[in-house]
Amino acid sequence: MSPPVFWVDQVPSAGADVVIDGPEGRHAVTVTRLKVGEAVVVSDGRGARAECEVVAVEGKDRLRGRVRTFVFTDRPRPVVTVVQALPKSERSELAVDLATEAGADRIVPWQAARCVARWSGKADKGVAKWRSVAAAAAKQSRRSWIPEITELASTTDVRARAADVLAGGGRVLLLHEEAAEPLRDIPLAGLPEILLVVGPEGGLDDAEIADLVALGAQPVVLGPEVLRTSAAAVVALGAIGALTDRWVRR
């Protein structure tokens with residue numbers, strides 16, 4: 001079984017000590033019940049990662065580990081940003097959890113035209129919750145990078161982000177059940193970034209599709225099944241992992 005992972009502000013080099021405290025330390029001591037001599041992994045969520053040996057348990061929310069090995073893992077290429085239209089409340093966290101486990105580098109919460117969920121007046125709370133879910137999912141899936149969760153985006157914001165990705169040589173893919181082009185047929189090799197746009201349960205609005213296509217976005221279909229908005233990104237990320245070098249071990 002792999003050693004448990006805990007987040008720290010900074011990962012020191014081999015031979016140095018690292019302290020796990022606060023909520024992470026409490027979980028390590030009182031929930032995981034780590035003891036001196038056991039192995040643990042620490043990461044800063046920004047690529048740095050170290051395997052450590054527990055050398056001291058201090059109280060109920062603090063332990064000290066000694067770094068045995070230190071590695072830095074670059075982000076996979078191409079970078080994948082998921083623009084996720086806000087799902088209904090019960091599926092909102094699931095969408096973030098699955099996209100994180102599948103390797104999304106950035107997740108943009110989007111107030112699309114057909115979203116049933118509305119974050120008006122509570123966007124800060126929604127973003128904070130998504131960030132918490134992403135951190136937990138990254139830990140569970142043993143990721144060295146926690147995906148960035150941006151502030152709530154309007155359709156104007158999504159349009160601007162799509163234009164930037166296209167200007168940088170990337171591709172913008174609109175997941176759309178009525179698209180004619182399968183995702184598997186889209187050339188993805190060598191791209192710096194892919195922007196995946198996932199609509200709400202009611203689908204992308206025609207005006208949203210037309211606007212993004214006019215910029216150069218490509219509507220694509222994943223397969224014959226119609227997926228819920230909470231599952232679309234994870235399936236697309238799996239396909240991209242297989243069609244590019246993102247899943248090559250480094």
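## Two sheets and the helices around them

Strand β6 and strand β7 (residues 106-110) pair in the parallel sense, with five bridges between them. Pairing here takes at least two DSSP bridges between two strands, and the elements themselves are DSSP runs numbered from the N terminus: helices are H or I with at least four residues, strands are E with at least two.

A quick word on what we're looking at: this is a predicted model, where local features need pLDDT of at least 70 and side-chain atom pairs count only at pLDDT 80 or more, while totals for chains, interfaces and linings use all residues. Residues are numbered from 1 along each chain as its sequence is written, and side-chain values use heavy atoms, with hydrogens and water left out.

**The six-stranded sheet**

Back to β6. On its other flank sits strand β10 (residues 193-198), again parallel to β6 (residues 79-85), this time over six bridges. Here are some of the residues that face each other across these pairings:

| Residue in β6 | Opposite residue and strand |
|---|---|
| Val80 | Ile194, β10 |
| Thr81 | Leu195, β10 |
| Val83 | Val108, β7 |

Zoom out and β6 belongs to an open sheet of six strands, ordered β8-β7-β6-β10-β9-β11, with parallel pairing. The edges go to β8 (148-149) and β11 (218-220), which have a single partner strand each, so one side of each has no neighbour in the sheet.

How many of the seven residues of β6 are buried? Seven of the seven, so the strand is largely enclosed by the rest of the structure. Buried means under 20% relative accessible area, exposed means over 50%, and partly exposed is what lies in between (1.4 Å probe, protein chains only). In a regular strand the side chains alternate between the two faces of the sheet. For β6, Val79, Thr81, Val83 and Ala85 are on one side and Val80, Val82 and Gln84 on the other, and both faces are covered.

**A helix pair**

Helices α2 (residues 89-101) and α6 (residues 229-243) pack at about 5 degrees, their axes 8 Å apart. That makes α2 roughly parallel to α6, a label for angles under 35 degrees (over 145 is roughly antiparallel, 65 to 115 roughly perpendicular, the rest oblique). The axes are lines fitted to C-alpha atoms, for helices over the stretch in contact, and angles run from 0 to 180 degrees between N-to-C directions. On the α2 side, Arg91, Leu94, Ala95, Leu98 and Ala99 meet Ser230, Ala233, Val234 and Leu237 of α6; contact means heavy atoms within 4.5 Å.

**The five-stranded sheet and α1**

The second sheet to look at is also open, with five strands in the order β1-β3-β4-β5-β2 and mixed pairing. β1 and β2 hold the edges with a single partner strand each, so one side of each is left without a neighbour in the sheet. β1 and strand β3 (residues 39-43) run parallel and are joined by three bridges, with Val5 partnered by Val41 in β3. Helix α1 packs on this sheet, touching β1, β2, β4 and β5, and its direction makes about 155 degrees with that of β1.

Within α1 (residues 22-31), Glu24, Gly25, Ala28 and Val29 are buried. Viewed down the axis of α1, these buried residues fall within an arc of 120 degrees (taken from the directions from the helix axis to the C-beta atoms), so they line one face of the helix. Their cover includes β1 (5-7), β2 (17-20), β4 (48-57), β5 (63-72) and α3 (123-140). Pro23 and Val31 are exposed on the face of α1 turned away from the buried side. Just after α1, Arg33 takes a positive phi of about 55 degrees.
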